[in-house]
Amino acid sequence: MTLRCADLGEDGLLARILPLVDPDRHPPGPERPFAEARGGVLLGPGDDAAVVRAPGDQVITTDMLVEGRDFHRDWGDGTALGIKAAAQNLADVAAMGARPTGLVVALGLPGDVPVAFVENLASGLAAEAARGGAAVLGGDLSGAGEITVSVTAFGALDGRPPVTRSGARPGDLVALAGTVGRAAAGLELLLAGYRPGAFGEADCGLAGAEPHALDALIGAQLSPRPPYLSGPEAARAGARALIDASDGLVQDLGRVAAASGVRIEIDGSSPALRALTAELLPAARLLGTVRPEEEAADEAAREDATPQEQARRWLLGGGEDHGLLAVFPATGTPEHAGTPGCPSLPVGFQIVGRVLAAEDGQAQAGLVSVDGVPADPHSGFSHFRQG
Ligand SMILES: Nc1ncnc2c1ncn2[C@@H]1O[C@H](COP(=O)(O)OP(=O)(O)OP(=O)(O)O)[C@@H](O)[C@H]1O
Ligand SMILES: Cc1ncc(C[n+]2csc(CCOP(=O)(O)O)c2C)c(N)n1
Ligand SMILES: [Mg+2]
């Protein structure tokens, strides 16, 4: 018989969770080369509050996941959900140019949730936090009608100023570390009933891809793995603006453009965006059930989005991978910026666009165009949007 939260009660469940998130059980990972011993945690979870040593300026951010709105319980196991909850918060820390240090997590749980799911959630959260260099400092438990995971994360600026959304200047270059669009493709696959590890030969034939390529797209939705260290790296390299792409390339760059009083032009034919489009095409083909060899012939006749169009929609409007978008001054960035090995960009970043002046005063501030064509500012995700 499955052991459920209601069988254990609050203290019983907590006794299961606490050992799993113990900072000593999740030592610094390879991505935490500069953390001091125990990450500055003087007292971890278990008392009324945690105690941390926090020299210098700190960043603080919070982000929640709500069952039915941000995920479905049967899409994956608790581990993936824990990773996602940590990732979306640690990415916001990194998007200020800060180094993640800690997080607290508040769980709302229906009584029928299996204890194993909650244990996996706690382990996944702590493991992903450790990958980003952060420790789980504490949390709270409550009963709820649906699963909610609310995380607050902390980060250290290590003596640098924060990199906000408002520093982009005309002439600057826009670069991406990590990915965009993949989690959105994964979401559509999940909504269509596909599950990781269950793509058969027929699916792969339609998609024109190996099963692992489709699994990876679902993985990007269920358990995104943003490049946290790229945030502080960008800050050290002189980034003028930073944001994590949570709501889509166009929408999030629109936020940078609006805050900075500039326009941004996305280069759809940049190597990074072309490569990402190619990764999205198999899912677009599968969901549109267009075989690769039929694609060209079909394209003109189809009223629905062609696979190319669908992939582009995900590319431009799909957040949740939490890739990091950074704006760098072009000075010192050679013409070939964005090609592998370019010394003036931090490793992991590739050029995807540039910053332009908002002509007509501020009227154009915040505008984002793709290959010269103004983009729909509402192409990305928004909670509460009708229709
Ligand atoms: N309920 C709230 N009360 C106070 N401030 C809020 C509230 N909700 C959002 N904010 C603030 O508004 C700003 C934008 O929030 P939003 O969640 O859109 O962006 P974000 O934090 O980058 O999230 P994400 O990267 O997950 O999309 C943030 O500075 C956030 O702290
Ligand atoms: C069941 C289900 N429906 C829709 C979505 C899509 N979704 C939810 S939140 C979000 C953007 C980031 O949100 P926030 O700004 O709150 O961090 C997106 C694209 C999903 N993941 N699961
Ligand atoms: Mg953000």
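Here are some friendly notes on this predicted model, point by point.

1. **How confident is the model?** Let's begin with the scores. The average pLDDT of the chain is 91, and 89% of the residues score at least 70. For the model as a whole, ipTM comes to 0.91 and pTM to 0.93.

2. **A stretch to treat with care.** Please look at residues 336–342, where pLDDT stays under 50. The model has 12 contacts for this stretch beyond four places in sequence, so do read those contacts with the low score in mind.

3. **The chain overall.** If you scroll along the 387 residues, 50% of them are buried. The secondary structure consists of 11 helices and 13 strands. Now consider the contacts with a separation of 6 or more: 86% of them are between residues 24 or more positions apart.

4. **The open sheet.** Which order do the seven strands of the open sheet follow? Going across, you will meet them as 8-10-7-11-9-12-13, and the pairing is mixed. The edges are formed by strand 8 (241–245) and strand 13 (373–374), each of which pairs on one side only.

5. **One pair inside that sheet.** Strand 7 (residues 173–177) and strand 11 (residues 349–357) run antiparallel, and five bridges join them. To find one of these in the viewer, pick Ala175 and look across to strand 11, where Ile351 is its bridge partner.

6. **Positions from the record.** An unreviewed UniProt entry places the feature "binding site" at Thr62, Asp63 and Asp140. Such an annotation may be inferred rather than shown by experiment. The next two points take up Thr62 and Asp140 from that list.

7. **Thr62.** This residue sits in strand 3, which covers residues 58–66. Why does Thr62 count as partly exposed? It has 13 C-beta neighbours inside 10 Å, and the partly exposed class lies between the exposed limit of 12 or fewer and the buried limit of 20 or more. Leaving aside residues up to four places away in sequence, Thr62 touches Ser150, Val151 and Thr152.

8. **Asp140.** You will find Asp140 in strand 5, spanning residues 135–143. Is Asp140 buried or exposed? Asp140 is exposed, because 12 other C-beta atoms lie within 10 Å, and a count of 12 or fewer puts a residue in that class. Try setting this beside Thr62, which has 13 such neighbours and counts as partly exposed.

How values were computed: Residues are numbered from 1 along each chain as its sequence is written. Chains are lettered from A and ligands numbered from 1 in the order in which they are written. This is a predicted model: local features need pLDDT of at least 70, side-chain atom pairs count only at pLDDT 80 or more; totals for chains, interfaces and linings use all residues. Helices (H or I, at least four residues) and strands (E, at least two) are DSSP runs, numbered from the N terminus. Two residues are in contact if their C-beta atoms, placed from the backbone, lie within 7 Å. Two strands pair if DSSP finds at least two bridges between them. pLDDT is the predictor's confidence in each residue, from 0 to 100.
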